[in-house]
Amino acid sequence: MGISMQTTCWRGMRLEHPSAWELTTVGGEKQPGRCIFSDRRYQRLQVLWREVKYVPELTSIMEKHRRDAKAADKLTVLKDAPEPWQGVVRKAESGWVVNAGRFFRQNRWLVEAMFVWPGARDVNLENRILASITPADDQDEVMAWQAMGLDVSVPKEYELEDCSLQVGRIRWKFASPHKKAPMIAVERLAMAGSWLKSSPGDWLDAELPIRDKRLFRGQDRAFAHPADWIVSRGRAGRLAALARLKRINLDLAWICPAEDRLYHITVSRLQRRLEIELPAGLCVQCCRDAPAIKSGD
């Protein structure tokens, strides 16, 4: 039977992988890119990427895996991989380990992928994943972030500042190096129908920090759904107060019936006026069906 595939976009890297392989580890802020995917029992895929100032010699890079291999392991050259991927295949007692690498000249990214195949090796799936690994287009004005049940596009200058993962609740916080740009936070909460006993607007009111003051509340449409919003004023700090700046927050929340999830966006900015809007380019995609996990995934 066919394998259900899923797309992950993280720090400018896009790849496809089986839906049963969940993203379990990511690289931290200002670290080289890293994504590790695992199934219920094993780590299955690790993708590492970093910018280099030279054109790397992939043969030399793969040689390190030869040195690391145990004497009892059978090591061969990776064949039939999508060009220009190069690598080595190691046969161990419990299965196969594949290390592959390539250089993306337009981004000057050196990318390395490691597959762990407990039991039989699926070469077709392996090649499909390698062929899907692609850096984002430098010409795009927005950056796509798609993982952990969230699908968000933010202006390209924003970087992920914090990632909070709790059971049923995922929250990403983005910040821009431009001082006048607002902070953006996006979160989704699962199974809203089982715990949300009021409207999203009442939930926003209850979530408001105790020292923040609600200024306005209303309803609108956001990303094809009815949505509730609250504008509030928070603590701005002494220096901001001296400059007569206020911390103005916009909180927006809606229910996605197709996913049974509550989505919540927070935009926060130091400014003098009370009006605040979502930044241009910010987009949250929802209304997606849950991935179908078929036998054999």
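## Close-up views of a predicted model

**View 1. Strand β2 between two partners.** Strand β2 is joined to strand β10 (residues 134–135) by 2 bridges, and the two run antiparallel. Here Arg14 stands opposite Thr134 in β10. Strand β1 (residues 5–10) also joins β2 (residues 13–18), through 6 antiparallel bridges. Met5 has Pro18 of β2 as its bridge partner. The hairpin of β1 and β2 has 2 residues between the strands, and Arg11 there takes a positive phi near 50 degrees. Two strands count as paired if DSSP finds at least two bridges between them. Strands (E, at least two residues) and helices (H or I, at least four) are DSSP runs, numbered from the N terminus.

This is a predicted model, in which local features need pLDDT of at least 70 and side-chain atom pairs count only at pLDDT 80 or more, while totals for chains, interfaces and linings use all residues. Residues are numbered from 1 along each chain as its sequence is written, and side-chain values use heavy atoms, with hydrogens and water left out.

**View 2. Strand β5 and its neighbours β4 and β9.** Strand β4 (residues 33–38) and β5 form a hairpin with 4 residues between them. They run antiparallel, joined by 6 bridges. Ser38 has Gln43 of β5 as its bridge partner. Strand β9 (residues 109–118) is also antiparallel to β5, with 7 bridges. In that pairing, Val47 is matched with its bridge partner Ala113 in β9.

**View 3. The second largest pocket.** This pocket holds about 440 Å³ of space. Its lining has 21 residues, and those nearest its centre are Arg11, Lys30, Gln31, Trp109 and Glu159. The elements giving two or more residues to the lining are β5 (43–51), β11 (142–147) and β13. Strand β5 gives the most, with 3 residues. A pocket is an open set of points on a 1 Å grid over the protein atoms alone, where a 1.4 Å probe fits, with protein on both sides within 12 Å along at least five of seven lines; lining residues have an atom within 4 Å of a point. Grid points are joined across faces, edges and corners, and the volume is the space filled by probe spheres set on them.

**View 4. The loop between β6 and β7.** Two residues stand out for their backbone geometry. Most residues other than glycine have a negative phi, and most peptide bonds are trans. The peptide bond from Glu83 to Pro84 is cis, with omega near 5 degrees. Pro84 lies in the loop between β6 (74–77) and β7 (86–92). Asp80 lies in the loop between β6 and β7 as well. Its phi is positive, near 65 degrees, although Asp80 is not glycine. Asp80 is exposed, with a relative accessible area of 71%. Exposed means over 50% relative accessible area, buried under 20%, and partly exposed in between (1.4 Å probe, protein chains only).

**View 5. Met148 in the loop between β11 and β12.** Met148 is found in the loop between β11 and β12 (150–155). Phi of Met148 is positive, near 60 degrees, in a residue other than glycine. Is Met148 buried or exposed? Met148 counts as buried, at 15% relative accessibility.

**View 6. An open sheet with a helix packed on it.** The sheet has 7 strands in the order β13-β14-β15-β19-β18-β17-β16, with antiparallel pairing. Its edge strands are β13 (159–166) and β16 (213–222), and each pairs on one side only. From one strand to the next, the twist averages 15 degrees. Helix α4 (residues 200–207) packs on the sheet, touching β14, β15, β16, β17, β18 and β19, and its direction makes about 20 degrees with that of β17. Axes are lines fitted to C-alpha atoms, for helices over the stretch in contact, and angles run from 0 to 180 degrees between N-to-C directions. In α4, Pro200, Gly201, Trp203 and Leu204 are buried. Seen down the axis of α4, these buried residues fall within an arc of 160 degrees, so they line one face of the helix. The arc is that of the directions from the helix axis to the C-beta atoms.

**View 7. Gln219 on an edge strand.** Gln219 is found in strand β16. Gln219 counts as exposed, at 64% relative accessibility. Leaving aside neighbours within four places in sequence, Gln219 is in contact (heavy atoms within 4.5 Å) with Ala227, Asp228 and Trp229. Ala227 has Trp254 of β18 as its bridge partner. The C-alpha atoms of Gln219 and Trp254 are separated by 9.9 Å, at 35 residues apart along the chain.
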